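Colleague: I'd like to learn how to read a model like this one, feature by feature. Can we start with the charged contacts?

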Amino acid sequence: KGQAALREAQRAWLSYRDLELAWLAEFYGGLDGSLYGVMLAADRVERVRRRALELGSLLGVREEE
């Protein structure tokens, strides 16, 4: 039951991430300069890193039980 809810939440998060990154790509794409591609890549890494840390923290709470 819990795993199914986590899978559903993760799928929703992936959709959110993809939509947000698509918006950022359009935003950065409208700006001049080669650094904006690097910034978009960094944004992607940061979002995934935060989600991994969040899930890891929850797993840690679960393992303490």
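Modeller: Sure. A salt bridge here is a side-chain nitrogen of Lys or Arg within 4 Å of a carboxyl oxygen of Asp or Glu. Arginine 17 and aspartate 18 make such a pair, with their closest N and O atoms 2.7 Å apart. Keep in mind that this is a predicted model, where local features need pLDDT of at least 70 and side-chain atom pairs count only at pLDDT 80 or more, while totals for chains, interfaces and linings use all residues. Residues are numbered from 1 along each chain as its sequence is written, and side-chain values use heavy atoms, with hydrogens and water left out.

Colleague: Is arginine 17 buried or exposed?

Modeller: Buried means under 20% relative accessible area, exposed over 50%, and partly exposed in between (1.4 Å probe, protein chains only). Arginine 17 counts as buried because its relative accessibility is 13%. Its partner, aspartate 18, is partly exposed at 40%.

Colleague: How many salt bridges does the structure hold?

Modeller: It holds 6. Take arginine 49 and glutamate 46, whose closest N and O atoms are 2.9 Å apart. Both lie in helix α2, 3 residues apart, about one turn of the helix. Arginine 49 is partly exposed, with 41% relative accessible area, and glutamate 46 is partly exposed too, with 27%.

Colleague: Which other arginine forms a salt bridge with glutamate 46?

Modeller: Arginine 50, with the closest N and O atoms 3.3 Å apart. These two are separated by about one helical turn, because they sit 4 residues apart in helix α2. Arginine 50 counts as partly exposed, at 46%. Elsewhere, salt bridges with shared partners join Glu20, Asp43 and Arg47 into one network.

Colleague: And the charges taken over the chain: how far apart are the centres of the two sets?

Modeller: For this count, Lys and Arg are positive and Asp and Glu negative, with His and the chain ends not counted. Each charge is placed at NZ of Lys, CZ of Arg, CG of Asp or CD of Glu. The chain has 10 positive and 11 negative side chains, and the two centres lie 6 Å apart.

Colleague: How many helices and strands are there?

Modeller: Helices (H or I, at least four residues) and strands (E, at least two) are DSSP runs, numbered from the N terminus. The protein chain has 2 helices and 0 strands. Leucine 31 lies in the loop between α1 (2-29) and α2 (35-64), and is partly exposed at 34% relative accessibility.

Colleague: Which residues form a nonpolar patch with leucine 31?

Modeller: Patch members have over 30% relative accessible area and no salt bridge; like charges are joined within 9 Å, nonpolar side chains (Val, Leu, Ile, Met, Phe, Trp, Tyr) within 5 Å. Here Trp23 and Phe27 join Leu31, with about 320 Å² of accessible area together. Areas come from the Shrake-Rupley method with a 1.4 Å probe, and for residues only the protein chains shown count as cover. The protein chain exposes about 5400 Å², of which carbon and sulfur atoms supply 59%.

Colleague: What about the overall shape?

Modeller: The radius of gyration is taken over C-alpha atoms, and the globule rule is 2.2 Å times the number of residues to the power 0.38. A compact globule of 65 residues would come out near 11 Å, but this chain has 16 Å. Its C-alpha trace spans about 50 × 20 × 10 Å along the principal axes, and buried residues make up 12% of the 65.
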